[in-house]
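Thanks for coming. I will walk through one structure today, going from single contacts out to the whole chain.

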Amino acid sequence: MRRMVLIAGLMTAFVLVALGASAAAPANFAGTWELDQTKSQGLDQRMQNAKSVQWIIVQDDKKLSIDSKVIAGEPPPGESPAGGPGRGGGGGRGPAGPRSFNLDGKEVSAEAGGQMGGTSATKATWSSDGQALELLSVRTGSRDGNEFKFTTTEKLGLSVDGKVLTVNRHSEGPRGPQDATLVFNKK
């Protein structure tokens with residue numbers, strides 16, 4: 001009888017350790033992701049008119065980076081094929097390059113590059129189950145004597161099979177709040 005209780009106790013401990021180990025493994029968003037424009041909502045004009053939008057995500061235990069590549073499609077009516085001011089006409093990464101986030105929950109501040117300059121602060125926060133990741137980006141500065149602040153919160157989640165990445169994005173800036181749902185398929 002004592003032996004059965006001991007075996008049952010060991011089995012219970014093993015199951016609890018196994019469950020704890022699997023729950024502790026955070027989602028892995030790494031890969032090349034193609035935007036599904038038909039399933040996405042609230043896309044800005046650049047993404048709506050793009051031939052393709054890709055996110056290349058690199059992730060390890062400490063860091064996650066997102067390099068966004070937009071291949072231009074047809075320009076909106078009245079704009080030149082080069083895309084007009086601020087649109088960018090071709091492929092390649094955005095004006096500031098890849099965005100990076102430390103996965104330890106600490107905020108990171110840096111000088112922001114690109115045309116606007118200023119400072120940038122980023123922070124990544126895991127959900128309690130490690131299956132969703134919230135990315136916060138705040139960019140502040142001054143351009144032509146006017147102060148600006150852009151805040152973007154993105155909540156990343158994967159489908160059960162890991163083939164669909166959904167990003168719920170909320171942005172606030174000089175043009176007011178904007179919400180979008182970006183749906184990406186793994187390539």
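Trp126 counts as partly exposed, because its relative accessibility is 23%, and the cut-off for buried is under 20%. This is a predicted model, so please keep that in mind throughout. Searching the whole structure turns up three aromatic pairs. In one of them, the ring centres of Phe29 and Trp126 are 6.2 Å apart and the planes are at 20°, so this pair is stacked. The two residues come from distant parts of the chain: Phe29 is in the loop between α1 (2–24) and β1 (31–35), while Trp126 is in strand β6 (residues 119–126), and 97 residues separate them. Is Phe29 buried or exposed? Phe29 is buried, because its relative accessibility is 0%.

Next, the charged residues. How many salt bridges does the structure hold? There are five, and I will go through three of them, starting with Glu154.

Glu154 forms a salt bridge with Arg99, and the closest N and O atoms there are 2.8 Å apart. Glu154 is in strand β8 (residues 146–158) and Arg99 is in strand β4, so this salt bridge ties together parts of the chain that are 55 residues apart in sequence. Glu154 has a relative accessible area of 1%, so Glu154 is buried. Arg99, at 25% relative accessibility, counts as partly exposed.

Glu154 also meets Arg169 in a salt bridge, at 2.7 Å from N to O. Arg169 belongs to strand β9 (residues 164–173) and Glu154 to strand β8, so here the parts tied together are 15 residues apart in sequence. Both Arg169 and Glu154 are buried. Through shared partners, the salt bridges join Arg99, Glu154 and Arg169 into one network.

Arg99 has another contact to mention. Which ring does Arg99 lie over? Arg99 lies over the face of Trp55, 5.5 Å from the ring centre.

That brings us to the strands around Trp55. The bridge partner of Trp55 in β3 is Ser68. Strand β2 (residues 52–59) and β3 run antiparallel, and eight bridges join them. The connection from β2 to β3 is a hairpin through three residues. β3 also pairs with β4, again in the antiparallel sense, over four bridges. On that side, Lys63 stands opposite Asn102 in β4.

Another salt bridge is the one between Asp67 and Lys69, where the closest N and O atoms are 3.6 Å apart. Asp67 is buried, because its relative accessible area is 14%. Lys69 has a relative accessible area of 30%, so Lys69 is partly exposed.

Just past β3 we come to Ala72, in the loop between β3 (63–71) and β4 (99–102). Ala72 counts as partly exposed, because its relative accessibility is 30%. What is the distance in space between Ala72 and Ser52? From C-alpha to C-alpha they are 7.2 Å apart, with their positions 20 residues apart in sequence.

Now to a residue in a helix. Met47 is part of helix α2 (residues 45–49). At 8% relative accessibility, Met47 falls below the cut-off and so counts as buried. Setting aside neighbours within four places in sequence, Met47 is in contact with Leu35, Gln37, Val53, Arg169 and Leu182. The Arg169 in that list is the residue that meets Glu154 in a salt bridge. As for Gln37, Met47 is ten residues away in sequence and 8.0 Å away in space, C-alpha to C-alpha.

Finally, the chain as a whole. What does its secondary structure come to? The protein chain has two helices and ten strands. In sequence order the pattern reads α-β-α-β-β-β-β-β-β-β-β-β. The chain has 187 residues, and 28% of them count as buried. Its accessible surface is about 11900 Å², with 55% of that belonging to carbon and sulfur atoms. Among contacts between residues at least 6 apart in sequence, 41% join residues at least 24 apart. The pair of Phe29 and Trp126, 97 residues apart, is where we began.

Definitions and conventions:
Residues are numbered from 1 along each chain as its sequence is written. This is a predicted model: local features need pLDDT of at least 70, side-chain atom pairs count only at pLDDT 80 or more; totals for chains, interfaces and linings use all residues. Side-chain values use heavy atoms; hydrogens and water are left out. Buried means under 20% relative accessible area, exposed over 50%, partly exposed in between (1.4 Å probe, protein chains only). Contact means heavy atoms within 4.5 Å. Accessible areas come from the Shrake-Rupley method with a 1.4 Å probe; for residues, only the protein chains shown count as cover. Two strands pair if DSSP finds at least two bridges between them. Rings of Phe, Tyr and Trp (its six-membered ring) pair if their centres lie within 6.5 Å; planes under 30 degrees apart count as stacked, over 60 as edge-to-face and the rest as tilted. A charge sits over a ring if NZ of Lys or CZ of Arg is within 6 Å of the ring centre and within 35 degrees of the ring normal. A salt bridge is a side-chain nitrogen of Lys or Arg within 4 Å of a carboxyl oxygen of Asp or Glu.
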